[in-house]
Amino acid sequence: MIRTESVAAPASNIDLDGDGWCDWILPLPYPTNAQLPEYRAGEAILLGTPEGARSFGNMKRLESFWKKKLPVPEGLVLPGAVTGMAPVLVAYAAEGTAPYFAGFSSAYPDFWGNPGSYRIYRWNQEFDMPQEVSKHDYAFVMRFWQKEFCRGQYANQDFLRPDMKNEEHPLEIFVCAPWVQAEVGRAGHDTNHVQ
(Lines give C-alpha, C1' and ligand atoms only; values in the text may rest on other atoms or scores of the structure.)
Protein backbone atom coordinates (compact mmCIF):
# COMPACT_ATOMS: atom_id res chain seq x y z
CA MET A 1 0.00 0.00 0.00
CA ILE A 2 1.20 3.48 -0.78
CA ARG A 3 -1.46 5.81 0.63
CA THR A 4 -4.98 6.06 1.98
CA GLU A 5 -7.71 8.66 2.11
CA SER A 6 -11.16 9.13 3.52
CA VAL A 7 -13.74 10.52 1.17
CA ALA A 8 -16.40 12.78 2.64
CA ALA A 9 -19.90 12.88 1.24
CA PRO A 10 -20.69 13.30 -1.56
CA ALA A 11 -17.38 12.41 -3.20
CA SER A 12 -16.23 12.99 -6.74
CA ASN A 13 -12.46 12.97 -6.43
CA ILE A 14 -11.59 9.26 -6.53
CA ASP A 15 -11.40 6.81 -9.39
CA LEU A 16 -12.92 3.54 -8.17
CA ASP A 17 -12.69 1.67 -11.46
CA GLY A 18 -9.19 2.88 -12.35
CA ASP A 19 -10.03 4.29 -15.79
CA GLY A 20 -8.55 7.73 -15.13
CA TRP A 21 -11.89 9.53 -14.58
CA CYS A 22 -13.22 10.66 -11.21
CA ASP A 23 -16.34 8.87 -10.00
CA TRP A 24 -19.27 9.99 -7.84
CA ILE A 25 -20.00 8.23 -4.54
CA LEU A 26 -23.11 9.16 -2.57
CA PRO A 27 -23.73 7.98 0.99
CA LEU A 28 -27.12 6.29 1.22
CA PRO A 29 -28.83 4.77 4.27
CA TYR A 30 -29.56 1.07 4.37
CA PRO A 31 -33.28 0.41 5.06
CA THR A 32 -32.91 -0.97 8.57
CA ASN A 33 -36.65 -0.64 9.13
CA ALA A 34 -39.79 -0.31 7.03
CA GLN A 35 -39.76 3.49 7.38
CA LEU A 36 -36.65 3.98 5.20
CA PRO A 37 -36.61 3.84 1.39
CA GLU A 38 -34.52 1.22 -0.37
CA TYR A 39 -31.53 2.33 -2.42
CA ARG A 40 -29.60 0.32 -4.99
CA ALA A 41 -25.84 0.08 -5.34
CA GLY A 42 -26.17 1.70 -8.76
CA GLU A 43 -27.52 4.81 -7.04
CA ALA A 44 -24.55 4.97 -4.68
CA ILE A 45 -21.84 4.90 -7.36
CA LEU A 46 -21.78 6.65 -10.73
CA LEU A 47 -18.67 6.33 -12.88
CA GLY A 48 -17.08 9.27 -14.63
CA THR A 49 -16.45 9.19 -18.39
CA PRO A 50 -15.50 11.81 -21.01
CA GLU A 51 -19.23 12.07 -21.81
CA GLY A 52 -20.35 12.41 -18.17
CA ALA A 53 -21.59 9.99 -15.53
CA ARG A 54 -22.67 6.42 -16.22
CA SER A 55 -23.93 3.57 -14.08
CA PHE A 56 -21.72 0.53 -13.50
CA GLY A 57 -22.16 -3.12 -14.41
CA ASN A 58 -21.64 -5.14 -17.57
CA MET A 59 -24.93 -7.02 -17.39
CA LYS A 60 -24.51 -8.52 -20.88
CA ARG A 61 -21.29 -10.18 -19.76
CA LEU A 62 -22.96 -11.45 -16.62
CA GLU A 63 -25.98 -12.77 -18.53
CA SER A 64 -23.72 -14.62 -20.99
CA PHE A 65 -22.06 -16.39 -18.04
CA TRP A 66 -25.48 -17.30 -16.62
CA LYS A 67 -26.71 -18.62 -19.98
CA LYS A 68 -23.60 -20.76 -20.42
CA LYS A 69 -23.83 -21.88 -16.77
CA LEU A 70 -20.29 -20.63 -16.17
CA PRO A 71 -19.28 -19.78 -12.61
CA VAL A 72 -19.59 -16.07 -11.88
CA PRO A 73 -16.92 -14.60 -9.57
CA GLU A 74 -18.03 -14.49 -5.94
CA GLY A 75 -18.60 -11.20 -4.18
CA LEU A 76 -19.72 -9.07 -7.12
CA VAL A 77 -21.88 -6.07 -6.20
CA LEU A 78 -24.76 -5.94 -8.67
CA PRO A 79 -26.05 -2.45 -9.50
CA GLY A 80 -29.59 -3.47 -8.53
CA ALA A 81 -28.63 -4.83 -5.09
CA VAL A 82 -30.22 -3.07 -2.10
CA THR A 83 -27.45 -1.48 -0.06
CA GLY A 84 -26.30 1.37 2.09
CA MET A 85 -23.18 3.41 1.36
CA ALA A 86 -21.07 5.03 4.04
CA PRO A 87 -18.51 7.75 3.26
CA VAL A 88 -15.80 5.76 1.51
CA LEU A 89 -12.42 4.74 2.87
CA VAL A 90 -9.86 4.13 0.09
CA ALA A 91 -6.44 2.46 -0.07
CA TYR A 92 -4.17 2.78 -3.08
CA ALA A 93 -1.83 -0.09 -3.92
CA ALA A 94 1.53 0.19 -5.64
CA GLU A 95 0.27 -2.18 -8.35
CA GLY A 96 -2.90 -1.65 -10.39
CA THR A 97 -4.90 1.50 -10.90
CA ALA A 98 -8.16 0.61 -9.11
CA PRO A 99 -8.00 1.22 -5.33
CA TYR A 100 -9.34 -0.94 -2.54
CA PHE A 101 -12.35 0.61 -0.83
CA ALA A 102 -14.90 0.11 1.93
CA GLY A 103 -18.30 1.77 2.07
CA PHE A 104 -21.03 -0.62 0.96
CA SER A 105 -22.87 -1.65 4.09
CA SER A 106 -25.92 -3.38 5.48
CA ALA A 107 -25.62 -1.17 8.56
CA TYR A 108 -25.00 2.44 7.55
CA PRO A 109 -25.99 4.87 9.02
CA ASP A 110 -26.28 2.67 12.13
CA PHE A 111 -22.79 1.42 13.02
CA TRP A 112 -23.56 -2.01 14.41
CA GLY A 113 -21.04 -4.00 16.40
CA ASN A 114 -20.82 -6.57 13.60
CA PRO A 115 -17.46 -6.28 11.85
CA GLY A 116 -18.96 -8.05 8.83
CA SER A 117 -21.16 -5.03 8.14
CA TYR A 118 -18.32 -3.50 6.13
CA ARG A 119 -16.28 -5.42 3.56
CA ILE A 120 -13.45 -4.36 1.25
CA TYR A 121 -13.88 -4.23 -2.51
CA ARG A 122 -11.84 -3.69 -5.66
CA TRP A 123 -13.13 -3.13 -9.17
CA ASN A 124 -13.66 -6.20 -11.38
CA GLN A 125 -12.90 -4.89 -14.87
CA GLU A 126 -14.41 -7.86 -16.72
CA PHE A 127 -17.85 -7.39 -15.17
CA ASP A 128 -17.47 -3.64 -14.47
CA MET A 129 -18.56 -4.10 -10.86
CA PRO A 130 -17.08 -3.86 -7.39
CA GLN A 131 -16.01 -7.26 -6.06
CA GLU A 132 -15.29 -8.30 -2.50
CA VAL A 133 -11.61 -9.10 -2.03
CA SER A 134 -10.11 -12.29 -0.60
CA LYS A 135 -9.59 -12.78 3.14
CA HIS A 136 -5.87 -12.26 2.60
CA ASP A 137 -6.41 -8.88 0.90
CA TYR A 138 -9.06 -7.94 3.48
CA ALA A 139 -6.60 -8.53 6.34
CA PHE A 140 -3.78 -6.75 4.48
CA VAL A 141 -5.81 -3.61 3.69
CA MET A 142 -7.47 -3.43 7.11
CA ARG A 143 -4.09 -3.68 8.86
CA PHE A 144 -2.86 -0.83 6.65
CA TRP A 145 -5.86 1.31 7.62
CA GLN A 146 -5.46 0.41 11.29
CA LYS A 147 -1.82 1.46 11.16
CA GLU A 148 -2.85 4.77 9.56
CA PHE A 149 -5.85 5.64 11.74
CA CYS A 150 -5.64 3.78 15.06
CA ARG A 151 -3.26 5.50 17.43
CA GLY A 152 -5.15 5.19 20.69
CA GLN A 153 -7.13 8.42 20.30
CA TYR A 154 -10.56 6.75 20.49
CA ALA A 155 -12.62 5.63 23.48
CA ASN A 156 -15.13 2.76 23.61
CA GLN A 157 -18.12 5.05 23.04
CA ASP A 158 -16.48 6.36 19.84
CA PHE A 159 -16.45 2.85 18.38
CA LEU A 160 -20.18 2.45 19.01
CA ARG A 161 -21.13 5.70 17.23
CA PRO A 162 -18.21 6.75 15.00
CA ASP A 163 -20.58 8.96 13.01
CA MET A 164 -21.05 11.14 16.11
CA LYS A 165 -17.27 11.49 16.62
CA ASN A 166 -16.40 12.07 12.96
CA GLU A 167 -19.44 12.45 10.74
CA GLU A 168 -17.48 12.93 7.53
CA HIS A 169 -15.12 9.97 7.99
CA PRO A 170 -16.72 7.45 10.38
CA LEU A 171 -14.97 4.43 8.85
CA GLU A 172 -11.63 5.76 10.08
CA ILE A 173 -12.93 5.10 13.59
CA PHE A 174 -14.85 1.92 12.76
CA VAL A 175 -11.70 0.10 11.56
CA CYS A 176 -10.12 0.79 14.96
CA ALA A 177 -12.85 -0.94 16.99
CA PRO A 178 -11.60 -3.94 19.02
CA TRP A 179 -14.15 -6.29 17.41
CA VAL A 180 -12.99 -5.23 13.93
CA GLN A 181 -9.37 -5.81 14.93
CA ALA A 182 -10.39 -9.29 16.12
CA GLU A 183 -12.07 -9.97 12.75
CA VAL A 184 -8.93 -8.89 10.92
CA GLY A 185 -6.89 -11.21 13.11
CA ARG A 186 -9.20 -14.12 12.25
CA ALA A 187 -9.02 -13.34 8.52
CA GLY A 188 -5.22 -13.22 8.67
CA HIS A 189 -5.11 -16.45 10.69
CA ASP A 190 -7.39 -18.21 8.19
CA THR A 191 -5.25 -17.21 5.21
CA ASN A 192 -2.04 -18.30 6.99
CA HIS A 193 -3.53 -21.78 7.47
CA VAL A 194 -4.63 -22.00 3.83
CA GLN A 195 -1.21 -21.19 2.36
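In the predicted model, Cys176 is buried, with a relative accessibility of 4%. Cys176 is bonded to Cys150 in a disulfide, the two sulfur atoms lying 2.0 Å apart. A search of the whole structure returns one such link. The disulfide connects distant parts of the chain, its two cysteines being 26 residues apart. Cys150 belongs to the loop between helix H3 (135-149) and helix H4 (156-160), whereas Cys176 belongs to the loop between helix H6 (170-174) and helix H7 (178-194). The link of Cys150 and Cys176 is left-handed, with -95 degrees about the S-S bond. Cys150 has a relative accessible area of 21% and is therefore classed as partly exposed, since the buried class is confined to values under 20%. A further cysteine, Cys22, is also partly exposed, at 40% relative accessibility.

Helix H3 also contains His136. The relative accessible area of His136 is 39%, so this residue counts as partly exposed. His136 and Val184 are separated by 48 residues in sequence, while their C-alpha atoms are 9.5 Å apart in space.

The strand arrangement was examined next. Strands of a sheet pair through backbone hydrogen bonds, in either the parallel or the antiparallel sense. An open sheet of four strands is found in the order S2-S3-S4-S5, and its pairing is antiparallel. Strand S2 (11-14) and strand S5 (52-54) form the edges of this sheet, each pairing on one side only. Direction ignored, neighbouring strands of the sheet are turned against each other by 35 degrees on average. Two bridges join S2 to strand S3 (residues 23-25) in the antiparallel sense. Within this pairing, Ala11 is placed opposite Ile25 of S3. Asn13 is located in strand S2 as well, and its relative accessibility of 49% puts it among the partly exposed residues, as the exposed class requires a value over 50%. Asn13 and Asp23 are 10 residues apart in sequence, with a C-alpha to C-alpha distance of 6.7 Å.

A second antiparallel pairing involves strand S8 (residues 121-124) and strand S9 (residues 129-132), which are joined by four bridges. Tyr121 has Glu132 of S9 as its bridge partner, and Asn124 is placed opposite Met129 of S9. The hairpin formed by S8 and S9 has four residues between the strands. Asp128 lies in the loop between S8 and S9 and is buried, with a relative accessible area of 12%.

Backbone geometry departs from the common pattern at several positions. Most residues other than glycine have a negative phi, and most peptide bonds are trans. Asp128, in the hairpin of S8 and S9, has a positive phi near 55 degrees. Lys69, likewise not a glycine, has a positive phi of about 55 degrees. Lys69 is located in the loop between helix H2 (59-67) and strand S6 (84-92). In terms of accessibility, Asp128 is buried at 12%, whereas Lys69 is exposed, with a relative accessible area of 75%. A cis peptide bond runs from Tyr108 to Pro109, with omega near 10 degrees. Pro109 is part of the loop between strand S7 (100-105) and S8.

Empty space within the model was also analysed. Rolling a probe the size of a water molecule over the atoms shows where such space is left. The largest pocket holds about 190 Å³ of space. Its lining comprises 18 residues, of which Val77, Val82, Thr83, Phe104 and Tyr121 lie nearest the pocket centre. By class, the lining of the largest pocket divides into 10 nonpolar, six polar and two charged residues. Tyr121, one of the residues nearest the centre of the pocket, is also the bridge partner of Glu132 in the pairing of S8 with S9.

One cavity of 30 Å³ or more is present in the structure. The largest cavity has a volume of about 40 Å³. Its lining is formed by Leu89, Ala102, Tyr118, Arg119, Ile120, Met142, Leu171, Phe174 and Val175. Eight of the residues lining this cavity are nonpolar, none is polar and one is charged.

Conventions: Residues numbered from 1 in each chain as written. Predicted model: local features only at pLDDT ≥ 70, side-chain atom pairs only at ≥ 80, totals over all residues. Heavy atoms only, no water. 1 Å grid on protein atoms, 1.4 Å probe; cavity = no way out; pocket = protein on both sides within 12 Å on 5 of 7 lines; lining within 4 Å. Points joined across faces, edges and corners; volume = space filled by probe spheres on them. Nonpolar A, V, L, I, M, F, W, Y, C, P; charged D, E, K, R; others polar. Pairing = 2+ DSSP bridges. Axes fitted to C-alpha atoms, helices over the stretch in contact; angles between N-to-C directions. Disulfide = S-S within 2.5 Å. Buried < 20%, exposed > 50% of the residue type's maximum accessible area, 1.4 Å probe, protein only.
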